[in-house]
Every structure is written in structure tokens, then in C-alpha cells.
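Reader: I would like a close look at one part of this model, the packing between helices. Please take one pair slowly, then place it in the rest of the chain.

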Amino acid sequence: MRRLLASAVGLFLGLVLWCGAACAQDFDARPLPSAEDRRRAVELFEQSRHLLRSGEFAEARDHLIEAYELYPQPALRVALARAYDGVGDTAHAIEHYEAYLEEDPDAADRGEIETRLEELRLLRREEEGTPAPPPHSWA
């Protein structure tokens, strides 16, 4: 998970520094964020990194929600998924991991995220008492 967070951090900061507003993708039909919004989102993201590392997932989640609202970027989405995962909110973790992969289909960490998604889906089925689907039969 640390590797996942580290890659998200690098991706987000690189995107902010390299692209700025010109590369901001409008995922929610919102106007491009202002320079102040981007600055505040980076500040919140940096604070959330420290909170995630210290296991303060709920507070990190709150910072990331605000950051994502200011500057919706895939790296913030995956960090938000990690925070939800950390507080045990399986449904929201799955939602944000899936949205991250949809927003960034070529994500470098796609395999790792897909593996975590499968683990979370299995956990959710166990929480709900729903049996796992049968194994594939190639007969």
C-alpha cells in the first residue's frame, strides 16, 4: 500500500507542476480550477499524505474529499480510495478505486489497483454474506 501511495503522490505532484490548468481534465463537467484551488488542493494532499502515513485515515479522507472537489485528478481519487480503505469503508474504497481506473485507464499502477479491488470485492461479499461467484469452468 505504501508503494501505491508513493506512486499516487508522484503522479499528482508531477501532474500539478507539469500541466497546471492547461492539462486539467474536466471529469465532472466543472470549470477548470483556479491557481488558488490547485494550490489549496496540493496543500490538502500533502497534509493527507502525512495523515495516511500515521494511520489517521478519517482525517486524511476529509482532506482528500476537499482536495478532489477543488481539483479533480485521478491521483487524488486513488489516495481517497486508500483513505476509505483505511477506515474500513469497503464500498467507498471500491467506488473510488473503480473511478480512478476509469479516469486513468493507462494508470501505471493498474495491476496493483485491480488486485486490491478483487480483495475488497471479496471482503464486501463476506461482509454481506454473499457467496463468491463459482470459479471459471473451461470444460
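Author: What follows starts with one helix pair and then widens to the chain.

The model is predicted. The pair is helix H2, residues 35-53, and helix H3, residues 57-70. Their axes lie 8 Å apart. The packing angle is about 160 degrees. Angles over 145 degrees count as roughly antiparallel. H2 and H3 are therefore roughly antiparallel to each other. The crossing of H2 past H3 is left-handed.

Now the residues at this contact. H2 contributes Asp37, Arg40, Ala41, Leu44, Phe45, Gln47, Ser48, Leu51 and Leu52. H3 answers with Phe57, Glu59, Ala60, His63, Leu64, Glu66, Ala67 and Leu70. By class, the residues of this contact are 10 nonpolar, three polar and four charged.

One residue deserves a stop: His63. His63 sits in helix H3. Its relative accessibility is 15%. The cut-off for buried is under 20%, so His63 counts as buried. What does His63 touch, leaving out residues up to four places away in sequence? The partners are Leu44, Gln47, Ser48 and Leu51. These four also appear on the H2 side of the helix contact. With Gln47 there is a polar contact as well, side chain to side chain, at 3.0 Å.

Next, a residue from another helix that reaches this pair. Ala83 belongs to helix H4, residues 74-86. Ala83 has a relative accessible area of 0% and is therefore buried. Neighbours within four places in sequence aside, Ala83 contacts Leu52, Phe57, Ala60, Arg61 and Leu64. Of these, Leu52 is listed for H2 in the H2 and H3 contact. Phe57, Ala60 and Leu64 are listed there for H3. Ala83 also pairs with Ala58 in a C-alpha comparison. The two are 25 residues apart in sequence. In space, the C-alpha distance is 6.8 Å.

A second helix pair can be read in the same way. Helix H5 covers residues 90-103, and helix H6 covers residues 110-128. Their axes are 10 Å apart, at an angle of about 150 degrees. That angle makes H5 roughly antiparallel to H6. H5 passes H6 in a left-handed crossing. On the H5 side, the contact involves Thr90, Ala93, Ile94, Tyr97, Glu98, Tyr100 and Leu101. On the H6 side, the residues are Arg110, Ile113, Glu114, Arg116, Leu117, Leu120, Arg121, Leu123, Arg124 and Glu127. The classes here are nine nonpolar, one polar and seven charged.

The link between these helices has its own point to check. Ala107 is in the loop between H5 and H6. Is this loop residue, Ala107, buried or exposed? Ala107 has 8% relative accessibility, so it counts as buried. Ala107 and Ala75 are 32 residues apart in sequence. Their C-alpha atoms are 9.6 Å apart.

Last, the whole chain. The secondary structure consists of six helices and zero strands. Read from the N terminus, the order is α-α-α-α-α-α. The chain has 139 residues, and 40% of them are buried. His63, Ala83 and Ala107 each count as buried. Take the contacts with a sequence separation of 6 or more: residues 24 or more positions apart account for 58% of them.

Technical notes. Residues numbered from 1 in each chain as written. Predicted model: local features only at pLDDT ≥ 70, side-chain atom pairs only at ≥ 80, totals over all residues. Heavy atoms only, no water. Axes fitted to C-alpha atoms, helices over the stretch in contact; angles between N-to-C directions. Helix = DSSP H or I, 4+ residues; strand = E, 2+ residues; numbered from the N terminus. Parallel < 35°, antiparallel > 145°, perpendicular 65-115°, else oblique. Left-handed = near helix turned anticlockwise from the far one by under 90°. Contact = heavy atoms within 4.5 Å. Nonpolar A, V, L, I, M, F, W, Y, C, P; charged D, E, K, R; others polar. Buried < 20%, exposed > 50% of the residue type's maximum accessible area, 1.4 Å probe, protein only. Polar contact = N/O pair within 3.5 Å; in protein donor to acceptor, adjacent residues only side chain to side chain.
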